[in-house]
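Q: I've got a model open and I'd like to learn how to read its features one at a time. Can we start with pockets?

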Amino acid sequence: MQPSSLLDKPLPTHAGVLHGLKPRGNIGWLRLTLVLMVVLLATFSYMGWRHLYPAVAETGWRYEVLLNDIEKVSAIALDAEGGLLLSEELQSGEGRILRYSADGNLEPVEAGLSKPDGMVSFRGGVVFSQEQGDEAVLWRTPERTVELFVGSNVEGLANDGRYLYAIEDRHGDGRLLRYDPSNDTTVVLRTGLDQAEAITACPDGRLFYSEKRSGTVSQLHAEGHDSVVLTGLNQPGYLLCNNQGLWITEDATHMARLLRLAPDGQLHTVLSHLRSAQTLIETRPGYYLLAEQGRNRVLSLQRHPQETD
């Protein structure tokens, strides 16, 4: 038991803490006020810098803004007609899929969705997920939109040319699913995932997935012992694997990055000072589109042709 003198002693109030500084006279109070003003100014300046500082590209890369004012933009994909599909990740049936056509028109093509947060080309159409609750993964073609299967908080999607993969963003009980269109069946490949965000298929058949809470990216192995290939990431989100390596976006509100793990094992920061980076797609060799949700925009990213790994 603590001494009664400690139990009886009241906790200091804010006024008491300030009183403990004991400024002497008007000059003392003025100095204290100036110190507090400097601290507040430094704090707000740092917050403003993090919020407003523009994205910075790695040497050999440049970017520009393709689209602005796409509310909560998250997933992007090219459809079979050459249009760009974009999801607005709004909740409770407020989410939409927009289509940006080659002539510059932007119009909604799907509505009534709950956090549409994953999208991938699949069998002549585009599949998109809904992250809020037990919702259907939908397949959209020029003719119709149909339900493939239902998952719980499905976020990332991937297509390896045969199967469709889906990953659930849940706390400790997320699953990695594989859908086979040949027989319309879904199997569970992994369970117990913690805030799993993304799944990607590489040209050589390898599969990688990210877990946001642990800041890791892991490689899926058929025997079940997955290997961690990257750690220490700041809320890793979307993954893309192509001939240039493994790409990772960070879903952090501030100071997020677009990273590339090159085939030689070197990790590059292609873009920094992003805000909630989401989906990255390659439109043609050396050209990419990136959804930056924190600024409600889509960036066009280009690599200088002379740059090599």
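Q: Which residues lie nearest the centre of the largest pocket, and how many line it?
A: Keep in mind that this is a predicted model. For a pocket, start from the lining and then look at what sits by the centre. Here 33 residues line the largest pocket, and Leu240, Cys241, Asn242, Ile281 and Glu282 lie nearest its centre. Its volume is about 640 Å³.

Q: Which element gives the most to the lining of the largest pocket?
A: Map the lining onto the secondary structure. Strand β19 gives the most, with five residues. Several strands each supply at least two residues, among them β3 (73-78), β7 (116-122), β11 (154-159), β15 (196-201), β19 (236-242) and β23 (277-284). Also in that group are β24 (287-292) and β25 (297-303).

Q: What classes of residue make up the lining of the largest pocket?
A: Sort the lining by class. You get 21 nonpolar, nine polar and three charged residues.

Q: How much space lies in the second largest pocket?
A: About 220 Å³. There are 15 lining residues, and the closest to the centre of this pocket are Arg206, Cys241, Gly245, Leu246 and Pro263. Two or more lining residues come from each of β19 and β20 (245-250). By class, the lining of the second largest pocket has nine nonpolar, four polar and two charged residues. Cys241 is worth clicking on: that residue is listed by the centre of the largest pocket and by the centre of the second largest one.

Q: Say I pick one residue of β19, tyrosine 238. What is tyrosine 238 in contact with, leaving aside its neighbours within four places in sequence?
A: Dropping the sequence neighbours shows what the fold brings to a residue. Tyrosine 238, in strand β19, is then in contact with Ala198, Trp247, Ile248, Thr249, Gln278, Thr279 and Leu280. You can also compare sequence and space: leucine 258 is 20 residues away from tyrosine 238 in sequence, and 9.6 Å away C-alpha to C-alpha.

Q: How do I read an aromatic pair, and how many does the structure hold?
A: A pair of aromatic rings is described by the distance of the centres and the angle of the planes. The structure holds five aromatic pairs. One of them joins tryptophan 61 and tryptophan 247, edge-to-face, with 5.7 Å centre to centre and 90 degrees between the planes. Tryptophan 61 lies in strand β2 (residues 61-67) and tryptophan 247 in β20, so the pair ties together parts 186 residues apart in sequence. Both tryptophan 61 and tryptophan 247 are buried. Add Tyr288 and you have one aromatic cluster: Trp61, Trp247 and Tyr288.

Q: Is glycine 125 buried or exposed?
A: Check the relative accessible area against the 20% cut-off. Glycine 125 comes out at 9%, so it counts as buried, which means under 20%. Glycine 125 sits in strand β8 (residues 125-130). Beyond four places in sequence, glycine 125 is in contact with Val120, Trp139, Arg140 and Thr141. From glycine 125 to arginine 144, 19 residues along the chain, the C-alpha atoms are separated by 9.6 Å.

Q: And what does the secondary structure of the protein chain come to?
A: Zoom out for that one. The chain has three helices and 25 strands. Of its 309 residues, 47% are buried. Among contacts with a separation of 6 or more, 38% are between residues 24 or more positions apart. The accessible surface is about 16,200 Å², with 51% of that belonging to carbon and sulfur atoms.

Key: Residues numbered from 1 in each chain as written. Predicted model: local features only at pLDDT ≥ 70, side-chain atom pairs only at ≥ 80, totals over all residues. Heavy atoms only, no water. 1 Å grid on protein atoms, 1.4 Å probe; cavity = no way out; pocket = protein on both sides within 12 Å on 5 of 7 lines; lining within 4 Å. Points joined across faces, edges and corners; volume = space filled by probe spheres on them. Helix = DSSP H or I, 4+ residues; strand = E, 2+ residues; numbered from the N terminus. Nonpolar A, V, L, I, M, F, W, Y, C, P; charged D, E, K, R; others polar. Contact = heavy atoms within 4.5 Å. Buried < 20%, exposed > 50% of the residue type's maximum accessible area, 1.4 Å probe, protein only. Areas by Shrake-Rupley, 256 points an atom, 1.4 Å probe, with all protein chains shown as cover. Phe/Tyr/Trp six-rings, centres within 6.5 Å; stacked < 30°, edge-to-face > 60°.
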